[in-house]
Amino acid sequence: METIVRFFFIFLFLHIPFSCQKEKVHEDKLSEEEYMISDNISNQNVTSFAEDSKGYVWIGTIRGLNKYNGYTYSQYLKSENNLQSISGNSINSMLTDSQNRLWVATDKGISFFDDKGLIHRVEIDKKEYPPVQILENKKGEIIINLCSHLCKYDPVNNIFKAFYAFDQYNMYNKVHVDKDDNLWTVSLYSVECLDRNSSKPIKSFRMDKFVNIFYSYLIGDKLYIQHGKGGLKIIDIHSKEYCPIPYAIKRDTVLSHSLITIIHPYRDNQILINTHKNGIYIYDYEKDLLIDQRSDNFPFEISDYVITSLFTDKNNNLWIGTQSNGFRVIYAYNEQFNDNQALQKLSKEQHIIALATDEKENLWFATHSDNLYVFNLRNENINHIDLKKFFPEDPYYQDKILSILPAGNDTVWLKTEAKLIQCYYKGNNLIRLKTFFFHHYLYNIAKDKKGILWTDTSMSDLYTVSKGADNPQKMKNYQGTYPSYKSCMLTLSTGEILVITSHAYLDVINPDNWEIKNYSLENIIDKEHFIPTAAYEDSDRNIWIAIQDRALIKYSLANEKASLIKNIPGKDIVSIIEDKDKNLWLGTLSGLVKYDRQLNQFFSFYTYDGIGSNQFSKNSVVRLANNHLIFGGTHGLTVFNPSDIDIKRQIPLYFEEIVSASPVINNNINLKYNQNKLDISFIALDYSKYPRIRYHYKLEGLQDNWIDAGTNRTVSYSNVPPGKYTFRVYITSNDNADVLAENSLNIDISPSPWLSIWALLLYGIILLAVIVYINRLYLKIRVNKSMVQMALREKEQERHINEMNMSFFTNISHEFRTPLTMIAGPISTILKDESLSSENKHLLSTVNRSVSRLLRLVNQILEINKLENDTLSLNLSYVDIIHEINEAIEIYAVNSNMKDLTINTTGLQSSFFMVLDKDSLEKILNNILSNAFKHSPERGNINIHFNVISNTEVSALSKLAPIQDTEYIKIEVEDEGVGIPDNELENIFLKYYQVNNTSSNKGYSTKGRQNIVSGNS
């Protein structure tokens, strides 16, 4: 047990220092003056952009560097006292290299961010000019342009070393790296191609001494050069010769004489050309087409800002930096649904309620504000029809065109609430031929294979208008369901007319004989809940019927089989169309939905995806010959090619900032028991105009259900119990349709030192030791209990023997008393005889005293039982104790002559009276004196001393507590025998105890005497 306790303290001594270590703090963390997070950019004058390996966009300004995540800006500034800060505040250039380092050139030097986000400053051996440009060649070598020199990075010594010097009189320089790793240097008066190995000029181009070069940019194999006379030169880097200026640029009198400040690659086969005062252009070098910023076909709107930099990120978003207005982003996703800029601008913010195309590639659309447009898709000619002139019959109530149906041969049918109007369109003129009036609301129009026009009304009547007819004809044998709250009508691929009523019936009408074939959908849907909102026949002749409550029915007329698809994204489908890949596109009242029939999966698009608006109009959809789809809605027109739509967005999801007491290493955090507070910030790098992402998270081990955080990107936990956890987060689009990305963070919170594995092991050892100890204690108690029981049995046996002895001694004592009494009587009589000589009389007196003592002893034996039970009472009297001691000595003085012993006394010459029991005193003295005379050798000395002692001496000699103002006596008897060993002195008062000494004599116990002394003390 002692070993276990010693081990316990050793463990504590070793464990406590480690469990109480202070958390190390990184000494190189940036202060608030060097790093901060803000909702605003550090400065509105943007100088450069860069995108790091994770997808963060970095924005350089004339005051500070900004790391932008789409929501907030992490701002970096220089500090003279901290080498871990950036080298300067005015950012000149940035580059992300092949090793994922972000290089930042400033007005005070250059530094880079490593893959852990730490900043490293780099020395430059030429410090006359700051770096203005950063490049990387195919070898991964980093080159900076100082305008005076070119320097190459030495990673071993962390320094940029100059390897090329420019002409000091030809100082404006820009450098480009071509596909062969050759360097092209552009200065004020010349262009040179430097060999990639020797850095010696391979080819030189000299400008006229009066012509300065102000700008250059290398795109592909063409080096564009802007010179001082407002002209543009192009060098082919392969042939190393000048190229002719493209005709589109050359013929544009404005651009050809403008000062070009930026040339930047844009989309496929296109470049952006920004000028000093004449705006920005897009040049398509495949089509040799130049688009001016002021043109309707220009893909985005831009204000007249002074543009300082252009940058395209990995998602093809265009970042535009300005001199005093920050930056603007042209999001690529917006261009997916903006395929025709002219058409987009024409219909912008107009509520389209009818849409159709004719055989001459004219797009017809009517608006809620009573406008009718005809847009030629081939030449982009626009014809606006004045409906006030077109409807002269009612100047106070303008008829709204609800449906447009081109019928061929330049004939167009227009439907209003209660009119059918036959028109002729020729030479941009819309001529009204016939008007058919109805007494009830018209729902739909369709044209069968014979060219007959069909329409249905709110009274469930079906009408036809044949060629040349002056009045509509009601179909008498048709009995629709009344009341008809809503219906759909379409022309099937067979030329038949399909009418879908609001009571789950499909009526197919054969135009040849007007026979009607009925189909019922009651087997898959309750007719009371069947309200059709749109219908469409696909290329496989399946009928798709949209009904309210976000459901879609697929029905085959051939085998009369139907299937129901529920929980479709969006509210109330109002239009359906199929693309060339047999995918269905659904216009709804809450977004645009693509149904991938192969994957059986729905994909949703909303305003923030660039579709313009979430609310589309009934049956306002067409498919063009080139597979482009056009949907009409409250915003105008959405034009796109389904093949160009990126369904699965690649959005990186990161843990941006984790506030904890320990660093995050490979998405793992190890925390101590008292570091159980977490603040976790996550970010999906989806740069967009509107929030398009929803976040969902849970802490596995603490939470069972996912938490829908919406657009919130932070979560806090406090007092998390020790254990292993996994924090998971995933993102979806706003409709929660798809999981776009997910990430996880492993969190290990160690238990407290007293709950660690070693502590639990120690507790186990201690518990085991306690169990062993308790078991041993229990066994010991059992043994002791057994010994006590044995001792009690022995005591009982001893008591029984003592009783037998007492009975025996009592009987013997009675037998002794009678003869002693008989002896005592005659001796007393003889002593009264005066004729006895003094010597004889002295001897008889001695005999008489001995006989009296024997009688007293006999009486004492009779009272031995009382002594054994400690019930012997004292008979106290006021006695001269010195007299009693002298009488006892006198009895033994006679026998001392036999061994020639000398008795010496001190303090027994006078008297000393005290209260005592004479009989008890006699027993004590006889016991002590008999042992002294017995064990003293012949001719030995026996010394007897009597003293009166103080309270202090009493305390030193015994365990008695002395009483104040009380006198005590001390009687000492000394002999010259072998004595009692010191280790036996405590046992002399034990009952019947005998001491074995070397002379084979035995000292007997004085147990009874102890009781007597205790009784007199």
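Confidence in this predicted model averages a pLDDT of 84 over the chain, with 90% of the residues at 70 or more. Two stretches fall short of that. Residues 1-28 have a pLDDT below 50, and in the model this stretch makes 22 contacts beyond its near neighbours in sequence. The pLDDT is also below 50 over residues 998-1017, where 46 such contacts turn up.

Turning to the sheets, one of them is open and built from 5 strands, which line up as E1-E5-E4-E3-E2 with antiparallel pairing. Its edges are taken by strand E1 (35-38) and strand E2 (46-51), each of which pairs on one side only. Going from one strand to the next, the twist averages 25°. Within this sheet, strand E3 (residues 57-61) and strand E4 (residues 65-68) run antiparallel and are joined by 4 bridges. Here Gly 60 sits opposite Leu 65 of E4.

As for the interior, the largest nonpolar core takes in 55 residues, and the ones with the most contacts inside it are Phe 327, Ile 680, Tyr 695, Phe 727 and Ile 747. Ile 680 gives a feel for how these side chains are surrounded: leaving out residues up to four places away in sequence, Ile 680 touches Phe 655, Glu 657, Ile 658, Arg 713, Thr 714, Val 715, Phe 727, Leu 745 and Ile 747. Another core lies apart from this one and has 29 residues, including Tyr 224, Leu 255, Phe 300 and Ile 320.

Further along the chain there is an open sheet of 3 strands, ordered E65-E67-E68, and here the pairing is mixed. Strand E65 (902-906) and strand E68 (968-974) each have a single partner strand, so one side of each has no neighbour in the sheet. On average, and ignoring direction, neighbouring strands of this sheet are turned by 10° against each other. E67 and E68 pair in the antiparallel sense through 7 bridges, and one bridge matches Asn 943 with Glu 974 in E68.

The loop leading into E67 is worth a look too. Pro 937 lies in this loop, between helix H10 (918-935) and strand E67 (941-949). With a relative accessible area of 35%, Pro 937 falls between the 20% and 50% cut-offs and therefore counts as partly exposed. Setting aside neighbours within four places in sequence, Pro 937 is in contact with Leu 901, Glu 976 and Gly 977. The C-alpha atoms of Pro 937 and Val 978 are 9.4 Å apart, although 41 residues separate the two along the chain.

Notes
Residues are numbered from 1 along each chain as its sequence is written. This is a predicted model: local features need pLDDT of at least 70, side-chain atom pairs count only at pLDDT 80 or more; totals for chains, interfaces and linings use all residues. Side-chain values use heavy atoms; hydrogens and water are left out. pLDDT is the predictor's confidence in each residue, from 0 to 100. Contact means heavy atoms within 4.5 Å. Two strands pair if DSSP finds at least two bridges between them. Helices (H or I, at least four residues) and strands (E, at least two) are DSSP runs, numbered from the N terminus. Axes are lines fitted to C-alpha atoms, for helices over the stretch in contact, and angles run from 0 to 180 degrees between N-to-C directions. A nonpolar core is a set of buried Ala, Val, Leu, Ile, Met, Phe, Trp, Tyr and Cys residues joined through side-chain atoms within 4.5 Å. Buried means under 20% relative accessible area, exposed over 50%, partly exposed in between (1.4 Å probe, protein chains only).
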